[in-house]
Amino acid sequence: MLGTMCRVQLSFLLLVSIVSPAPAAVVSEVRYKLSAGDLFSAEDYHLANGANSEYAAAIAWLARGALTLGKAADAARHLAETKALVAELLKTKRVEDDAYLESAIGASIEVEAQSIAAAGNRDQAVAFLKAQLPRWKTWPIQSRIHKNLNLLTLESQPAPELGEKYRGSPVLLFLWAHWCSDCKAQGPTIVRLKEKYEPRGLMVIAPTRRYGDVPKVENPTAEQEDREIESVWKTSYAGLDGTPHPIGEAMMMRYGVSATPTLVLVDRQGIVRMYSPTRMTEAELARRIEALLPETPAALH
């Protein structure tokens, strides 16, 4: 029987790993069953739904779930099936025209890289991910590849896309999306940590980007979405007044924000000390911030 901790971890992983909400009958059902640790009946369910792109995305989710549960053989089997089906679908479909196909490709790349790394071949996993980057041009796939590269390589490296003006103080990056409920749930934690640690030198920056998402507006303009972002920021993140929240794609892509929120801690020398593409507890995040504060000049006096 799957232990309680494994069920919680799996459920959390599945829920935070989507770029934006999208209705998906098969995928949603498979995710639901996986969140309960029900790998077998999830497989039974999706086998009856036909070899289309939604089916491919569901199989990819099964591969991710199997890998998370430590079922390497099942993960490999589902991965092979996903890749074969994706190859067939790509003969008649364009990735940018099919969100399910895009999801299947992104998830299969993630599973393959994580499987390689889990087998002790970290450098091979990094090489695989780097080789995939120029092949796929859509945001969800590229950002997912960057996320997995970051998980393997970013910590202890200079923080990308962070200007010199932020050197000298530890920095917490809170990378968010205006439609993201998990980001809003993480917000009060960020507010409390900012209030507690900003006097001791911590800087908080909250980058985001446009997603083409404005309620009740089809195909919104950049200006319309910028207004929506500002409205959400003021209402849902009121305690972060004055916190820089730049809108742009470069930082969000480089930090692999295929899941929101993504949290990054950078020390005063500009070196990444923590990369977390998931929500974090206040206690754990505070512990990680505390580890950086003794390095700041203010803390030494």
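## A kinked helix and a four-stranded sheet

Helix α9 bends by about 30° at Gly187, and the proline Pro188 follows shortly after this kink. That's a good place to start looking around this model, which is predicted.

Let's stay with α9 for a moment. The helix covers residues 181-197, so to speak a run of 17 residues. From the first C-alpha to the last, α9 reaches 25 Å, close to the 24 Å expected at 1.5 Å a residue. Quite a few of its residues are tucked away: Asp182, Cys183, Gln186 and Gly187 are buried, and Thr189, Ile190, Val191, Leu193, Lys194 and Tyr197 are buried too. Notice that Gly187, where the kink lies, is on that buried list.

Pick one residue from the helix, Val191. Is Val191 buried or exposed? Its relative accessibility is 14%, and because buried means under 20%, Val191 counts as buried. Leaving aside residues up to four places away in sequence, Val191 touches Gly239 and Leu240. There's also a pair to look up in the viewer: Val191 and Thr243 are 52 residues apart in sequence, and their C-alpha atoms are 10.0 Å apart in space.

Now for the sheet. Which order do the strands take? The four strands run β2-β1-β3-β4 in an open sheet with mixed pairing. At the edges sit β2 and β4, each of which pairs on one side only. On average, neighbouring strands here are turned by 15° against each other, direction ignored.

Here is where to find each strand:

| Strand | Residues |
|---|---|
| β1 | 171-175 |
| β2 | 203-205 |
| β3 | 262-266 |
| β4 | 272-276 |

Strands β1 and β2 pair in the parallel sense, over three bridges. Across from Leu172 you'll find Val204 in β2. Another helix joins the picture: α12, residues 282-292, lies across β1, β3 and β4. The angle between α12 and β3 is about 20°.

Finally, step back to the whole protein. How many helices and strands does the protein have? There are 12 helices and four strands. The protein has 301 residues, and 50% of them are buried. Among contacts with a separation of 6 or more, 70% come from residues 24 or more positions apart. The accessible surface comes to about 14100 Å², with 54% of that belonging to carbon and sulfur atoms.

Conventions: Residues numbered from 1 in each chain as written. Predicted model: local features only at pLDDT ≥ 70, side-chain atom pairs only at ≥ 80, totals over all residues. Heavy atoms only, no water. Helix = DSSP H or I, 4+ residues; strand = E, 2+ residues; numbered from the N terminus. Expected span 1.5 Å × (residues − 1). Bend = angle between axes of the 7 residues up to and from the residue. Buried < 20%, exposed > 50% of the residue type's maximum accessible area, 1.4 Å probe, protein only. Pairing = 2+ DSSP bridges. Axes fitted to C-alpha atoms, helices over the stretch in contact; angles between N-to-C directions. Contact = heavy atoms within 4.5 Å. Areas by Shrake-Rupley, 256 points an atom, 1.4 Å probe, with all protein chains shown as cover.
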